[in-house]
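Student: I am new to this model and would like to look closely at one part of it. Could you take your time and connect that part to what surrounds it?

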Amino acid sequence: YTGETYTDYTKRLKINEVKRLLIESELPLKEIALRVNYSSSSVLAKVFKKETGMTLKTFREKGKSEKE
């Protein structure tokens with residue numbers, strides 16, 4: 001038992017998938033939000049910033065530059 005709630009667990013999984021999609025694809029943020037079951041890219045952006053301390057755009061740019 002990790003002490004993590006189901007909600008926190010699913011949020012973590014979603015954020016990890018968002019990170020992967022941001023780095024490995026050129027999908028628009030709206031499409032990424034839909035793929036991980038957020039109602040909009042603005043909702044995703046708010047959750048992502050709270051969880052990671054970074055904006056979606058900053059994370060994508062940083063991730064792509066590190067990948068190269």
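Is Phe59 buried or exposed, and what is its relative accessibility?

Tutor: This is a predicted model, in which local features need pLDDT of at least 70 and side-chain atom pairs count only at pLDDT 80 or more, while totals for chains, interfaces and linings use all residues. Residues are numbered from 1 along each chain as its sequence is written, and side-chain values use heavy atoms, with hydrogens and water left out.

Phe59 counts as buried, because its relative accessibility is 14% and buried means under 20% relative accessible area, with over 50% called exposed and the range in between partly exposed (1.4 Å probe, protein chains only). Its partner, Phe48, is likewise buried, at a relative accessible area of 0%. The model has one aromatic pair, where rings of Phe, Tyr and Trp (its six-membered ring) pair if their centres lie within 6.5 Å, and planes under 30 degrees apart are stacked, over 60 edge-to-face and the rest tilted. The ring centres of Phe48 and Phe59 are 5.5 Å apart and their planes stand at 75°, so this pair is edge-to-face. Because Phe48 belongs to helix 3 (residues 41-52) and Phe59 to helix 4 (residues 56-67), the pair ties together parts that are eleven residues apart in sequence; helices here are DSSP runs (H or I, at least four residues), numbered from the N terminus.

From Phe48 we can move to a second neighbour of helix 3. Helix 1 (residues 6-24) packs with helix 3 at an angle of about 100°, the axes being 11 Å apart, where axes are lines fitted to C-alpha atoms over the stretch in contact and angles run from 0 to 180 degrees between N-to-C directions. Helix 1 and helix 3 are therefore roughly perpendicular to each other, a term for angles of 65 to 115 degrees, whereas those under 35 are roughly parallel, those over 145 roughly antiparallel and the rest oblique. Phe48 takes part in this contact on the helix 3 side together with Leu44, Val47, Glu51 and Thr52, while helix 1 contributes Lys11, Ile15, Val18, Lys19 and Leu22; contact means heavy atoms within 4.5 Å. By class, the contact of helix 1 with helix 3 has six nonpolar, one polar and three charged residues.

Helix 4, where Phe59 lies, also holds Lys62, which at 44% relative accessibility is partly exposed. The C-alpha atoms of Lys62 and Ile23 are separated by 8.6 Å, although these residues are 39 places apart along the chain.

Just beyond helix 1, Ser25 lies in the loop between helix 1 and helix 2 (29-35), and it counts as buried at 15% relative accessibility. Leaving aside its neighbours within four places in sequence, Ser25 is in contact with Arg20, Arg60 and Lys64.

In contrast to the buried residues above, Asn37, in the loop between helix 2 and helix 3, is exposed, with a relative accessible area of 63%. Asn37 also has a positive phi of about 70°, although it is not a glycine.

Note on methods: Helices (H or I, at least four residues) and strands (E, at least two) are DSSP runs, numbered from the N terminus. Ala, Val, Leu, Ile, Met, Phe, Trp, Tyr, Cys and Pro count as nonpolar, Asp, Glu, Lys and Arg as charged, and the others, Gly among them, as polar.
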